[in-house]
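Me: Please give me a close look at one strand and its surroundings in the structure shown below. I should like a connected account of the part itself, followed by its wider context.

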Amino acid sequence: MRRVARSLILHELSERTRDRWVLVISLLFAVLASAVTLYGRSAGAKAVGLTGPSLVTLASLFVPLVALILSHDAIVGESERNTLGLLLSLPIGRMEMVWAKFIGRGLALSAAVLLGFGSAGIFAGAVSRQVLWPLLLPTLLLGLAFLSLGLLLSALYKRQVSAASAVVVVWFVLVFFYDLGLLGVLVISDGAVSQGVMRALVIANPAGLFRMQMMEVFLGTQGLEQLGMTARVPVSGVLAVLWSAWIVGPVLLSGWILLRKKVI
Amino acid sequence: MFDAKDSGNQEAQRSARYTNGSSHRANTKEYPPSTNGYPPSTNGYPPSFVFEAENAGSTARKKVAASLASAIDRVVSETWEGSGQASMAPMPVLAFASGRAYTQHTEPAVAVELRGVTKRYGSLVAVDHLDMAIQSGEIFGMLGPNGAGKTTTIQMLCGLLKPDEGEIWVQGACLSSSPDARRHIGVCPQQLVLWEKMTPLEQLVFLASAYDIPEKIAHTRALLMLKALGLWEKRDTLAKYLSGGMKRRLNLLMALIHEPSILVLDEPEAGLDPQSRVLVREYVRAWVREGQRTVILTSHNMDEVERLADRVAVMDRGQLLSLDTPDQLKRQHQQGDLLEIEIADAAQPHLEEALFVLHQIASEVRWEGTIVSMRMDSLVEHLSLVLGVFRRFKIAIHAVRTRPSTLEDVFISLTGRALRDE
């Protein structure tokens, strides 16, 4: 990796650690994850079945929010502070700059996730191997996918406040309303929509893909069927492709937008 | 001590430089070999503490910073402050820190050359076939009203915009085929450009490392620069807590941290108090003189440009209108001396008749409130005549002021008085 890219990654990481909002939400996530784990531990034998899904819900709410907050100002923020021109005058290409920003902020996100699960691990005791380890990688992937989406918002908007508004909309739509929408489709169509289509619609949203993947881990296939869910998690190869598309796609799109952007 | 540009000797040197033509002639710098293993000193400043710091090996960064801080304090107080040069930029030592001072290198005589550069925005031609050569070692002023094409030219120079036609050559390399030539340029824009959540030291070290400068050298250089521009005490304070003047000075250092050979300054004295203005001006002059470096300066403050620039280009509507030294420009676009007469009362019964007569004497007569200003070729010859007119029409004079022709007069003469859109 070129030195200029490495410097930019470290610069991004160091700046993020001073972001008050990121710190507050990361700490809140850590506190809630610890509380859930502590509560689940008291359930004795049912600890894994109780703690796992609760942490999945918590992660699917908090991690996308932290990721979007972390990245929504990556480009538009620099533009508003007039530092975008300065960054672009460095010996670094625009696409390379976008990747450096993504990696730097991705490291900050990973630190936030590790802080959350790490603090939960202190209370998890023996169940930590069964609950926290399977959660870690998919949670990081979920975070990176939303980080990538936030980066795209930061490239699309000309004002930071507009990008911040878009963050709220994206978070509500993808994390809350998307599943409700699918449920509505099922009810209205009275089951006419095929399982294949429903499955495609679920995995078209990174939050849905994460939930489905984790539910199967903690509840197993039978558990899912008991909940009336017959859709299956894609095989690992397809999963890798899906997560890669969600993470890489928006970053490339952001770079493409920046390449076409006139910087004053 | 830096107003030497008014001395005959310097003027002669400058004239000689401008007669070099625009060909890429080379100035070669050679330095004597070192006898102690360290780079030789070309300036009398001891570089030893820099190397002590570098040789600290694997000592923790904080320890290095602390020892550097005390070393710099000691050297600055003993050497520069002691010799009355406290406000001067310690650029030679910075050069040692980079290892450049003992590197034999060749610089082309022309630092920047624009060849038929054109930039269009739709039907608007922002820069129109601009040809210009800026010499190494000069402070080059660019003047023009809003929309003249100065900012667009600078953005093309920095690689933020690509010209539609023509070529830009920087230190002998064409920017379109060698984008890395951008690293020869440091830009200090008009608006503040910094990261509010980072300290001055962090910002400088980040930018230096982005230009491949090893961290220890970057750190040392940053500390020296902060000391030179009076930001030492604030080196670890977040930028958002700095005053406007401090931020401006930090911006200048951010443009210089990677040791460019060309510095672009856009309104460098905007938002600075008089003390900071003097400090920045001296720092920039020292920077240019020390290393045959080049400054491209744009400003609406004619006084500032006249004081700093060796040569001035006046642009309007994307075209170069005139290019010469300030003195030559004033001679070429001689408008005559200005005489201002302040009358006691604007409601004088015969004022209009007097103005009519004055028009026969002066090339330009203007009346605003109680001020009647006029321009004439030889003020000494005509002064008594003018005063006689006022006496003849019984207009009481409150005050008489004169001033020689300025760069602003040249600017107005070339670009007109019509207001321009922002």
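Reply: Two strands pair if DSSP finds at least two bridges between them; strands (E, at least two residues) and helices (H or I, at least four) are DSSP runs numbered from the N terminus. The model is predicted, with local features needing pLDDT of at least 70 and side-chain atom pairs pLDDT 80 or more, while totals for chains, interfaces and linings use all residues. Residues are numbered from 1 along each chain, chains are lettered from A and ligands numbered from 1 in written order, and side-chain values use heavy atoms, without hydrogens or water.

The part chosen is strand β5 of chain B, residues 139–143. Strand β5(B) pairs in the parallel sense with β11(B), residues 311–316, over four bridges. Within that pairing, B:Leu143 has B:Val314 of β11(B) as its bridge partner. Strand β5(B) also pairs with β10(B), residues 294–298, again in the parallel sense and over four bridges. There, B:Ile139 lies opposite B:Val295 of β10(B).

These pairings belong to an open sheet of six strands in chain B, ordered β8-β9-β10-β5-β11-β12, in which the pairing is mixed. The edges are taken by β8 (185–188) and β12 (319–324) of chain B; each has a single partner strand, so one side of each lacks a neighbour in the sheet. Ignoring direction, neighbouring strands of this sheet are turned by 20° against each other on average. Helix α14 of chain B (residues 407–415) packs on the sheet and touches β5, β11 and β12 of chain B, a contact being heavy atoms within 4.5 Å. The direction of α14(B) makes about 30° with that of β11(B); such axes are lines fitted to C-alpha atoms, for helices over the stretch in contact, with angles from 0 to 180 degrees between N-to-C directions.

How many of the residues of β5(B) are buried? Five of the five are, and the strand is thus mostly covered; buried means under 20% relative accessible area, exposed over 50%, and partly exposed in between (1.4 Å probe, protein chains only). In a regular strand, side chains alternate between the two faces of the sheet. In β5(B), B:Ile139, B:Gly141 and B:Leu143 point one way, whereas B:Phe140 and B:Met142 point the other way. Both groups consist of buried residues.

The chain around this strand has 14 helices and 16 strands. Of the 422 residues in chain B, 50% are buried. Among contacts in chain B with a separation of 6 or more, 74% join residues 24 or more positions apart. Chain B exposes about 19000 Å², with carbon and sulfur atoms supplying 50% of that area.

Chain A, for its part, has 11 helices and zero strands. Buried residues account for 50% of its 264 residues. In chain A, residues 24 or more positions apart provide 80% of the contacts with a separation of 6 or more. Helix α8 of chain A, residues 160–189, includes A:Leu180. At 54% relative accessibility, A:Leu180 counts as exposed.

Conventions: Areas by Shrake-Rupley, 256 points an atom, 1.4 Å probe, with all protein chains shown as cover.
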